[in-house]
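Let's take a friendly walk through a protein model together. Have the sequence and the 3D view ready, and follow along at your own pace.

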Amino acid sequence: MRIKLIFIALVFYSFILQAQVKNLCLNYNSDQTGLVNFGDIEQLDGVSQFTFEAWIKVGTWQENSTIFKKTIDNSNKIGIQLGNQSNGQLFFMVANGGNAYQSANTSVNDGNWHHIALVYDGTQPTANDRITAYVDGVSVSNFHTGTIPATTPNTTANFEFGNNFTGSIDEVRLWNIALTQTQLDYENTINNTHPLYANLLNYWKIDKTAPNTVYDLKGTINGLITGNATKQIVTDNTIFKYRIVSAYVRPNFYQLGRVKDDYLRNNNDIIFLTASPYANGELFFETPINDATFTDASHLTSFSGRNGVVDINA
């Protein structure tokens, strides 16, 4: 009876289970030849606000290497650069006509994954308040060099990930606003149900397996991977919860549009299950749609040998 009642609930609702899934990242070899080039993008030209965020894991610290950059010269640049190794110094750079950046001493040089964010707000009246640097959701601003401008430079420079960098980069997002500390939603993936999704310009999850391309899942700006950079599975980021994971969905809810495509895309395993009651109160379970494999789970006896149906009494 317990199974019947629970599956009756499944007919009308979707629910979520935790599971481990595969998350890909960009891995840059120690020969420092790896690079992702997006060409000259306009999203960062002449703007007064933006937020760049990414997960990174530093391999061998290479001073003056960059996580990302759009730079013509030292006076016209945007990016995050590795500085002095001894104190894990990072430079958060926005310069327009004169060298300017914010420096922060961090603990990112420890072989672990860290989330970093450059939040730029040129509308702030005080130049020193126009860049806020975050590591793992905490502001790490130390001191400024030069005058942080009110707008970014308008350049023809290429937008790049990982110039001379050794380590890994994952889950990169570019926003057209200056996110607040509480708006940095970095512990999970996002989709169009996110309250600020309209402000998300570009979203490079790195997860599509095409070996030479980094696809933009929000915009249309794809990057070309060159040199010794490859996509690898992330197994050691204990903070980032990749996707919602598994959902049970009533098929006709999906067909009628009550369950949106983006909700399903945000799950690793999609299990379609529906049931019809007999007059005697027994339930008839229709054959599920098994487009994915649900591992490490018991199966209902009537579906033994089929992947995708979990015995919730197990």
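What follows is a short tour of the nonpolar cores, a pair of strands, one aromatic residue and some salt bridges.

Before we begin, keep in mind that this is a predicted model.

**The nonpolar cores**

In soluble globular proteins, nonpolar side chains tend to be buried together. Which residues touch the most other members of the largest nonpolar core? They are F50, F52, F161 and W204, in a core of 45 residues. Several strands give two or more residues to this core, among them β2 (23-28), β5 (66-73), β7 (89-96) and β14 (167-175). Strand β4 (49-58) is also on that list, and β4 provides the largest share, five residues.

To get a feel for this core, select F161. Leaving aside neighbours within four places in sequence, F161 is in contact with ten residues you can pick out one by one: L26, Y28, L35, V36, F38, F52, I67, F68, V172 and W204. Two of these partners, F52 and W204, are themselves on the list of residues that touch the most other core members.

There is also a second, separate core of 19 residues, which includes A117, V119, Y134 and W175.

**A pair of strands**

Now find strand β15, residues 200-204. Four of its five residues are buried, so β15 is largely enclosed by the rest of the structure. Its pairing with β14 is antiparallel and runs over four bridges. If you would like one bridge to look at, start from L174: its partner in β15 is N202.

**A partly exposed aromatic residue**

Next, move to F143, which lies in strand β12 (residues 143-145). Is F143 buried or partly exposed? With a relative accessible area of 40%, F143 is partly exposed. Not counting residues up to four places away in sequence, F143 touches Q89, Y101, Q102 and S103. Take Q102 as an example of how the fold brings residues together: F143 and Q102 are 41 residues apart along the chain, yet their C-alpha atoms are separated by 5.8 Å.

**Salt bridges**

How many salt bridges does the structure hold? There are five, and the table lists three of them.

| Salt bridge | N to O distance |
|---|---|
| D40 with K70 | 3.1 Å |
| D45 with K70 | 3.0 Å |
| E53 with R173 | 3.9 Å |

Start with the salt bridge between D40 and K70. D40 sits in the loop between β3 (35-37) and β4, while K70 belongs to strand β5, so the pair ties together parts that are 30 residues apart in sequence. D40 counts as partly exposed at 38% relative accessibility, whereas K70 counts as buried at 1%.

K70 also forms a salt bridge with D45. D45 lies in the loop between β3 and β4 and K70 in β5, so this pair ties together parts that are 25 residues apart in sequence. D45 is buried, with a relative accessible area of 15%.

Finally, look at the salt bridge of E53 and R173. This pair links distant parts of the chain: E53 is in strand β4 and R173 in strand β14, 120 residues apart. Charged side chains can be found inside this model too: E53 counts as buried at 1% relative accessibility, and R173 counts as buried at 2%. As for D40, D45 and K70, salt bridges that share partners join these residues into one network.

Technical notes: Residues are numbered from 1 along each chain as its sequence is written. This is a predicted model: local features need pLDDT of at least 70, side-chain atom pairs count only at pLDDT 80 or more; totals for chains, interfaces and linings use all residues. Side-chain values use heavy atoms; hydrogens and water are left out. A nonpolar core is a set of buried Ala, Val, Leu, Ile, Met, Phe, Trp, Tyr and Cys residues joined through side-chain atoms within 4.5 Å. Buried means under 20% relative accessible area, exposed over 50%, partly exposed in between (1.4 Å probe, protein chains only). Contact means heavy atoms within 4.5 Å. Two strands pair if DSSP finds at least two bridges between them. A salt bridge is a side-chain nitrogen of Lys or Arg within 4 Å of a carboxyl oxygen of Asp or Glu.
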